[in-house]
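Let's take a walk through this protein together. Have a look at the sequence and the fold below, and keep them handy as you read.

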Amino acid sequence: KKTNLKMSVEFNNLMVSDSANKLEVAELSELIENRLYFMVLSNHKGPTTLQTFKDWKNSLKDSNIFYLNVDDNLVYDGFYSDFGPLNLAMIYRYIGIVRDKLKVFKRVVHCAHIGDQKKRSNAAFLICTYLIIENNWTAHQTYNILSQQYKYKYLPFRDASCLLQSEYSVSVEECVNALYKAKWYGFFDMSDFDLDEYEKYETVKYGDINWIVPATLLAFSSPHTRDYIDKCN
């Protein structure tokens with residue numbers, strides 16, 4: 001399966017146009033030298049912004065860049081107020097997207113926006129997954145580069161309960177560590193990951209099933225005759 005990247009292409013077209021020149025760069029991490037970047041943008045200049053997007057773009061003197069945003073392509077389907085992290089299917093798709101773009105473009109810049117802290121956390125997690133799975137980085141290597149550049153801590157992911165106040169949260173860094181361990185122990189392998197099967201059984205209709213430890217520990221809610229369960233008020 002391929003993710004529909006029409007919206008991402010539209011985002012790239014916007015970023016290379018003059019319309020993006022008024023944006024400010026709030027955070028910038030060069031993860032792979034001259035190849036892969038994580039950029040957080042702001043609509044307004046402030047005490048924590050680094051430079052205008054126009055100045056940064058001009059400093060590269062390179063037009064062979066793809067500006068990537070997957071906020072509307074890879075979307076977390078929350079139960080209540082939970083907003084992430086994105087699941088293994090999303091990680092699989094994201095890694096494929098970045099891999100393909102780096103084959104075509106010299107540089108790829110994954111962009112997030114300072115105004116949406118939930119999407120910023122998911123974006124940071126995604127780019128860390130690419131470095132761990134595709135480039136064999138450790139969790140410490142990956143998260144350390146991002147954390148050196150951020151001005152605000154990443155919003156932690158919360159539990160999926162109906163409660164207004166989350167009783168349990170998990171940080172972006174903890175999710176990065178978990179993925180690294182999953183790769184290390186062979187729980188997740190891009191080469192034999194069955195995307196269709198995963199996306200089928202993660203639905204409520206088929207039990208919302210996930211292997212915690214492959215062939216040993218299985219988590220599921222329960223099969224249901226409806227594809228979608230009404231959420232509480």
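What follows starts on the inside and then turns to charged and polar side chains.

Keep in mind that this is a predicted model. A good place to begin is the largest nonpolar core, which has 48 residues. Phe38, Leu68, Tyr94, Tyr130, Leu146 and Val176 are the ones with the most contacts inside that core. Helix α4, residues 117–135, supplies the largest share of it, with 10 residues. There's also a second, separate core of 16 residues, and Tyr37, Phe53, Trp56 and Tyr67 are among its members.

Let's zoom in on helix α4, where you'll find Ile127. Is Ile127 buried or exposed? Ile127 counts as buried because its relative accessibility is 0%. Setting aside neighbours within four places in sequence, Ile127 is in contact with Leu31, Leu36, Tyr37, Phe38, Tyr94, His110 and Leu146. Take Tyr94 from that list: Ile127 and Tyr94 sit 33 residues apart in sequence, yet their C-alpha atoms are 8.4 Å apart in space. Now hop over to Leu146, which touches Ser29, Leu31, Phe38, Ala124, Ile127, Cys128 and Tyr154, again leaving out residues up to four places away in sequence.

Not every buried residue here is nonpolar, as Arg107 shows: this arginine has a relative accessible area of 6%, so it counts as buried. Arg107 belongs to strand β5, residues 107–113. Its side chain makes a polar contact of 3.2 Å with the side chain of Asn34. Beyond residues up to four places away in sequence, Arg107 touches Asn34, Arg35, Tyr37, Leu60, Asp62, Asn64, Ile65 and Phe66.

Next come the charged pairs. Side chains of opposite charge can pair when their charged atoms come close. The count of salt bridges here is six. One of them joins the side chains of Asp72 and Lys119, at 3.8 Å from N to O. Asp72 lies in the loop between β4 (65–68) and α3 (88–104), while Lys119 is in helix α4, so the pair ties together parts that are 47 residues apart in sequence. Asp72 is partly exposed at 46% relative accessibility, and Lys119 is partly exposed too, at 33%.

Another salt bridge brings together Glu134 and Arg99, at 2.8 Å from N to O. This pair links helix α4, home of Glu134, to helix α3, home of Arg99, across 35 residues. Glu134 is partly exposed at 28%, and Arg99 is partly exposed at 30%.

Finally, Asp159 forms a salt bridge with Arg158, with the closest N and O atoms 2.9 Å apart. Asp159 is buried, at 15% relative accessible area, and Arg158 is buried at 15%.

Conventions: Residues numbered from 1 in each chain as written. Predicted model: local features only at pLDDT ≥ 70, side-chain atom pairs only at ≥ 80, totals over all residues. Heavy atoms only, no water. Core = buried A, V, L, I, M, F, W, Y, C linked by side-chain atoms within 4.5 Å. Buried < 20%, exposed > 50% of the residue type's maximum accessible area, 1.4 Å probe, protein only. Helix = DSSP H or I, 4+ residues; strand = E, 2+ residues; numbered from the N terminus. Contact = heavy atoms within 4.5 Å. Polar contact = N/O pair within 3.5 Å; in protein donor to acceptor, adjacent residues only side chain to side chain. Salt bridge = Lys/Arg side-chain N within 4 Å of Asp/Glu carboxyl O.
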